[in-house]
Each structure stands twice: as C-alpha cells, then as structure tokens.
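Visitor: Could you walk me through the helix packing and the empty spaces in this model?
Guide: Happy to. Let's have it in view before we start.

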Amino acid sequence: MIRTVRVLATAFSLAALLGTAGCGDGDSAAATGSSSSEVRLTIGDQAQTLQTLVKASGVLKGASYGVKWAEFQGAAPLFQAVQAGAADTSYSADLPALQALSGGVPVKNVAALKNDGTHVGLVVKKGSSIRSVADLKGKKVVVSSAKGSIAEYLLAGALQRAGLSYSDVTVQYLLPADAQAAFGSGKVEVWATFGVYQAVALQQGGRLLIDGGDGRVSGYGFIGASEKALADKDKRAALSDFLRRLSKAVAWGRSHPQEYAKAIEKDNGASPAVAKTLVTAGYGTVRPITPEVTRTVQKVADTMHAIKVLDPGVDVADSVDTRVFPK
C-alpha cells in the first residue's frame, strides 16, 4: 500500500513541485463530441483526478467542443503550464491558487470547489507526549508539501488560536513521500499533512491532534482559467459548459462512491483502501465564487501573508471572473 500511496497521493499534492506528468495526449473528444471541433479546451489536472471523475460519470457526452487533458503531479507545474499557455485551466486548493496569483500567473479563479476540510491534519507519532496544540511550543513540525500548503495553513491557524506565534515552532518542509517514511520510522514527532498521507500516518499508529474541520481550513479549491482563454469568447463559452458538466460529475461521484472508487482503482492503479480515501477526501460540490467564498479565502491569504509565506499578498476578490460560472 505504501508504494501505491506514493504514486496516488499526488492528487493531494496541493503545492509541491513533485515533477510533471506532461501534457496528456489522450483527447476526450471521441467520447464527448467531435474531435474536429474548432473549439478545444486544454484542461489542467493533477494526477488524473478530474479526468477520472469526468470519464467515469460520462458527463462530457455530447459536448460540442473538444477536451484535451494536461496532466501534472502537482499544482506548481500545472500553474507553470498555464503561464506558458500550455493549459487553459488550473485546478488546485486555495493556497496554491493564491501563490500562483501572488507570483503573477495570468489566471482568474472561475469556480470554487468545496469539501469539509477533514482531510488535512496535524498528526503526532505513537507515544508522543503532545496532547494539545499548546504543547507544540518549542517543537519541530514537519510540513508537507512545500512552503504554502493547506497543511501549513492549518498549523498557522491552530497556533494562533492556541495563543502561540508561528516562531514558537520550528518548521521543516518535506515532500509527502519523504515525510511519510520519516514518520513511519519514528523520526518525525509532529506532521502537518493531508489526504492519503494522513490516513497512512494514522494507520501507522499516529494520533490525530487536530484536523481542518469546523472551518479550521477553508475547504475551498478553485478552477482557474488563463486570461488568454477568458479573452476568447468561444473558449469562454465552452469553459462555462464544461464547468456545468463538471458540477454534475462531482455530484455523481458523491452519489456513486463505489463506482467512483472502482474508476480510481482502474485508471490510477490504486488499492481499494486508497481509492476509498481519495473518494471521501474529494471535493463534494462545484459552486460559483460568491462574496462569501472570497471573504473566507481572503482570511487564508491574510494569515499566510502575515507569516510571510504568501508574499506579496493577494486580493482574492480581484482574482475572480464570475462570468464563466455565475450564481
């Protein structure tokens, strides 16, 4: 299972540059519309997450435009592809999207995704004396993946609520697979992690100190679109249709968890246990980006800017284009 986790959990690599999977050559047009369509969207994806869901649900059947998938193993290379014009859209959690905007990537957030946040957590090793967040003072905390992950946001917020500053802990950044090995061998006492890695840490005897539920993380992710794609009215119309279909696909995944898990096993080579975790930790809805969404994510941006993880800061409302997926 550990080997499978190292391969599959990159779907949860929300900030780390884990290497590219390259632009996918497979085109869904054969199943979703005419491959000779003049309008073609290149949809950015991480570890086949969206592609597997869309394919399994069959929602693109009858689309009047072509879809080509640009597959990457992390958010960073995906945003690099958007910046280079190799992908029309992006897909990530809130912080990687904020980092891309802070770094000047010409992208606008066009739709929000939402889950309950419980797939992010601070886990301590078996036998640790740490019983509360306050006990983290003076401790080293390993954060996955790179600087600016949602796991780091959970840590920053938890410390603040406990009356501690970010400087009260020593943060070490490790890629998830490396952190997993170190935690499993007992070399890491506190691990801020997510997704399948969190599940494996608990299976290895770790104890959950706190998770991202109850608003401790925003639970939001974003579909973004390049400014170039948004300036093309035909692509913009196709993207609007794609997002409506993606919303149906996400709803299908929520109401057909067993079928969705089987698709993940088949397409990604996941074990049943890993596939189940991927399904339960996935986004449950696609929704328009409302002022409520921007206010919630602005808190994330401001928190991370205050500890100099997000620099320069970002005005979330200014990064949104509501024309594509309106309320």
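Visitor: How many cavities of 30 Å³ or more does the count come to?
Guide: Keep in mind that this is a predicted model. A cavity is a space where a 1.4 Å probe fits but cannot get out. With 30 Å³ as the lower limit, the count comes to one cavity.

Visitor: How much space lies in the largest cavity?
Guide: Let's start from its walls: 12 residues line the largest cavity, and Ala93, His119, Ile150, Gly219 and Tyr220 lie nearest its centre. By class, that lining has seven nonpolar, four polar and one charged residues. The space in the largest cavity is about 70 Å³.

Visitor: And how much space lies in the largest pocket?
Guide: A pocket, unlike a cavity, is an open set of points. For the largest pocket, the space comes to about 460 Å³.

Visitor: Which residues are the closest to the centre of the largest pocket?
Guide: The elements giving two or more residues to the lining of this pocket are helix H3 (49–57), strand S4 (89–93), helix H10 (233–255), H11 and H12. The lining divides into 17 nonpolar, 12 polar and one charged residues. Of the 30 lining residues, the closest to the centre are Tyr260, Leu278, Ala281, Gly282 and Tyr283.

Visitor: Are H11 and H12 parallel, perpendicular or oblique to each other?
Guide: Helix H11 (residues 257–268) and helix H12 (residues 272–280) have axes 9 Å apart and pack at about 125 degrees. Angles from 65 to 115 degrees count as roughly perpendicular and those over 145 as roughly antiparallel. The angle between H11 and H12 falls in neither range, so the two helices are oblique.

Visitor: What classes of residue make the contact of H11 with H12?
Guide: H11 passes H12 in a right-handed crossing. Pro257, Tyr260, Ala261, Ile264 and Glu265 of H11 make the contact with Pro272, Ala275, Leu278 and Val279 of H12. By class, this contact has eight nonpolar, no polar and one charged residues.

Visitor: How is H3 set against H11?
Guide: The axes of H3 and H11 come within 10 Å and cross at roughly 120 degrees. That angle makes H3 oblique to H11.

Visitor: Which residues of H11 does H3 meet?
Guide: The crossing of H3 and H11 is right-handed. From H3, the residues taking part are Thr49, Thr52, Leu53, Lys55 and Ala56. In H11 they meet Tyr260, Ala263, Ile264, Asp267 and Asn268.

Notes. Residues numbered from 1 in each chain as written. Predicted model: local features only at pLDDT ≥ 70, side-chain atom pairs only at ≥ 80, totals over all residues. Heavy atoms only, no water. Axes fitted to C-alpha atoms, helices over the stretch in contact; angles between N-to-C directions. Helix = DSSP H or I, 4+ residues; strand = E, 2+ residues; numbered from the N terminus. Parallel < 35°, antiparallel > 145°, perpendicular 65-115°, else oblique. Left-handed = near helix turned anticlockwise from the far one by under 90°. Contact = heavy atoms within 4.5 Å. Nonpolar A, V, L, I, M, F, W, Y, C, P; charged D, E, K, R; others polar. 1 Å grid on protein atoms, 1.4 Å probe; cavity = no way out; pocket = protein on both sides within 12 Å on 5 of 7 lines; lining within 4 Å. Points joined across faces, edges and corners; volume = space filled by probe spheres on them.
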